[in-house]
Amino acid sequence: MKMKWAKTFWVYLLVTAMIGVLSACGQSNNTNTASGNTGNTEQKQVVLSFMTTWSESDPFTGVYYKNAMAFEKANPDIKLDIETIPYNDYPVKLNTTAAGGNLPDLILMIGGGSMFEQIARSGALMPIDDMMGNWKEDFLPSSKIKEFNVDGKQYGIPGEVSYATVIYYNKKIMKDAGYTEFPTTYDAFKAMVKDLKAKNITPIAYGNKTGSVLLASLLSPLNERISGPDLYAKIKSGEQKFTDPDFMNALKDIKELSDIGAFNVDLNSIDNVQATNLFLSGNSAMYIDGSWGAKQISKDKAADLEVGFAVFPQIEGGKGSMSTMPGATNQGVVLNAKLDDAKKAAAEKFLQFMYSEESYQNIIRDGNMVPANVEAPADIDPLFKEMTGVLAGVKEITPVYDIVMPATVVTATKNGLQGLTTPGGSTPEAVAEELQKELGQ
């Protein structure tokens, strides 16, 4: 699943970069009626062309493909003409078809938010605001689908959500150390970290060899808890700077955690798989990763290892909330702006089916979090079910740092965080100044 997150991240970057060349004239002229015409029955069938990465054999998207096939079976008057593009080739294909005005009727957007904003603003996609009455707010909260909303218009609905930060902890180690409940305040969390260290227990296992893990799973939640959800937008707009107190305090918190021995000493030389193994072998009390880490932990853990889950704690006096989590939504299908009435009606049926309670339950059953308020099926992995229960209190998603910031700033931040967590390395002030310089403001 870590690969899935990494792949999604790179697709975000590639697509965002390439759609910059999308011209306003790149609207689809693919408006020909695609209904069959060889017989009376076929004449009534609406054919929707669909460009996607979904494949029956793909462990990450197979559940979506199967849901789509179930839709076809339930709606014989609608046929999906699916073009499956390999994951790594998808950004190029999307760019080519959009720029050439050849978008199909249905288009998968692997991620929402800034990734497809330029395509939507070009007028090539159809807003679906007039269809949103199919989903009630208490089933599909608007706070969890906003990455597919551009300038107040909804263009798609995500199939799943990936939270960037989940604290996994060893229940036995915690209990033996005197902790039967996980701290809900950051001060109490730090006190627990110091206590664990004093008892010769490595508090948190991290594998930050690539620099991306600390950035996504620690810097992002600290920034949210300290500054609220808008800090990155304010920094990008120039309203705030990296060197201002809000961002600086997050860097200082990471430096402090490092100085008090919160992490394994080799965190910047081992990868995330090795860090997971440290946790699973009982050599750390906690492990912090995204929600996607649960599948691997469930697969590899010993039968008698009891794993608990916690949301990143509240910072006293901070502007953020434990009901908010950095993360990303993905697997949304958007519509070509030039659909005729028959195709639009068929497409609405497709969206209703793909983002229904039953389809979301299939996605959960496959080990993924979903943006909808859906009861977890009884037959899912018990560990995953426990995590979904802990994260049920998350009501809002904020964008993660590496999706929002320019690539050069992201790289500088990864390097800076490695420096911060290396003995004798960088200071928070030096890291912040370097980031501000890289941003060019």
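## Overall picture

Among contacts in the protein chain between residues at least 6 apart in sequence, 78% join residues that are at least 24 apart. The model is a predicted one. Its protein chain has 441 residues, and 55% of them are buried.

The secondary structure of the protein chain consists of 18 helices and 12 strands. The chain exposes about 17,900 Å², and carbon and sulfur atoms account for 51% of that area.

## A sheet of four strands

One open sheet is built from four strands in the order S8-S9-S7-S10, with mixed pairing. Its edge strands are S8 and S10 (307-310), each of which pairs on one side only. Strands of a sheet pair through backbone hydrogen bonds, either parallel or antiparallel.

The pairings can be followed across the sheet. Strand S8 (residues 204-205) is parallel to S9 and is joined to it by two bridges; here Ala 205 has Tyr 287 of S9 as its bridge partner. On to the next pair: S9 and strand S7 (residues 166-170) run antiparallel, with four bridges between them. Within this pair, Ile 167 is matched with Ile 288 in S9. S7 is also antiparallel to S10, again over four bridges. In that pairing Ile 167 stands opposite Ala 310 in S10.

## The two faces of S9 and S10

In a regular strand the side chains alternate between the two faces of the sheet. Strand S9 (residues 286-289) has Met 286 and Ile 288 on one side and Tyr 287 and Asp 289 on the other. Are these residues of S9 buried or exposed? All four are buried, and both faces of S9 are covered.

The edge strand S10 can be described in a similar way. Val 307 and Phe 309 point one way from S10, Gly 308 and Ala 310 point the other way, and all are buried.

## Strand S3 and its partners

Strand S3 covers residues 106-111. Because six of its six residues are buried, S3 is largely enclosed by the rest of the structure.

Which strands pair with S3? Strand S1 (residues 46-52) pairs with S3 in the parallel sense, over two bridges. In this pairing Phe 50 of the one strand stands opposite Leu 106 in S3. Strand S11 (residues 324-335) runs antiparallel to S3, and five bridges join the two. There Met 109 stands opposite Gly 332 in S11.

## Cavities

How many cavities of 30 Å³ or more does the model contain? The count is four. The second largest cavity holds about 70 Å³ of space. Its lining is made of 11 residues, and those nearest its centre are Val 161, Ser 291, Gly 367, Asn 368 and Met 369.

Two elements, strand S6 (160-163) and helix H15 (382-390), give two or more residues to the lining of the second largest cavity. S6 gives the most, with three residues. By type, the lining of the second largest cavity divides into six nonpolar residues, four polar residues and one charged residue.

## Two helix residues

Val 431 belongs to helix H18 (residues 428-439). Why does Val 431 count as buried? Its relative accessibility is 5%, and the buried class takes in residues under 20%. Leaving aside residues up to four places away in sequence, Val 431 touches Leu 251, Gly 416, Leu 420 and Ser 426. Gly 419 is 12 residues from Val 431 along the chain, and the C-alpha atoms of these two residues are separated by 8.3 Å.

Ala 342 is located in helix H13 (residues 341-354). Ala 342 has a relative accessible area of 44%, so this residue is partly exposed. Its C-alpha atom is separated by 9.7 Å from that of Val 47, although these positions lie 295 residues apart in the count along the chain.

Methods. Residues are numbered from 1 along each chain as its sequence is written. This is a predicted model: local features need pLDDT of at least 70, side-chain atom pairs count only at pLDDT 80 or more; totals for chains, interfaces and linings use all residues. Side-chain values use heavy atoms; hydrogens and water are left out. Buried means under 20% relative accessible area, exposed over 50%, partly exposed in between (1.4 Å probe, protein chains only). Contact means heavy atoms within 4.5 Å. Accessible areas come from the Shrake-Rupley method with a 1.4 Å probe; for residues, only the protein chains shown count as cover. Two strands pair if DSSP finds at least two bridges between them. On a 1 Å grid over the protein atoms alone, a cavity is a set of points where a 1.4 Å probe fits but cannot get out, and a pocket is an open set with protein on both sides within 12 Å along at least five of seven lines; lining residues have an atom within 4 Å of a point. Grid points are joined across faces, edges and corners, and a volume is the space filled by probe spheres set on the points. Ala, Val, Leu, Ile, Met, Phe, Trp, Tyr, Cys and Pro count as nonpolar, Asp, Glu, Lys and Arg as charged, and the others, Gly among them, as polar.
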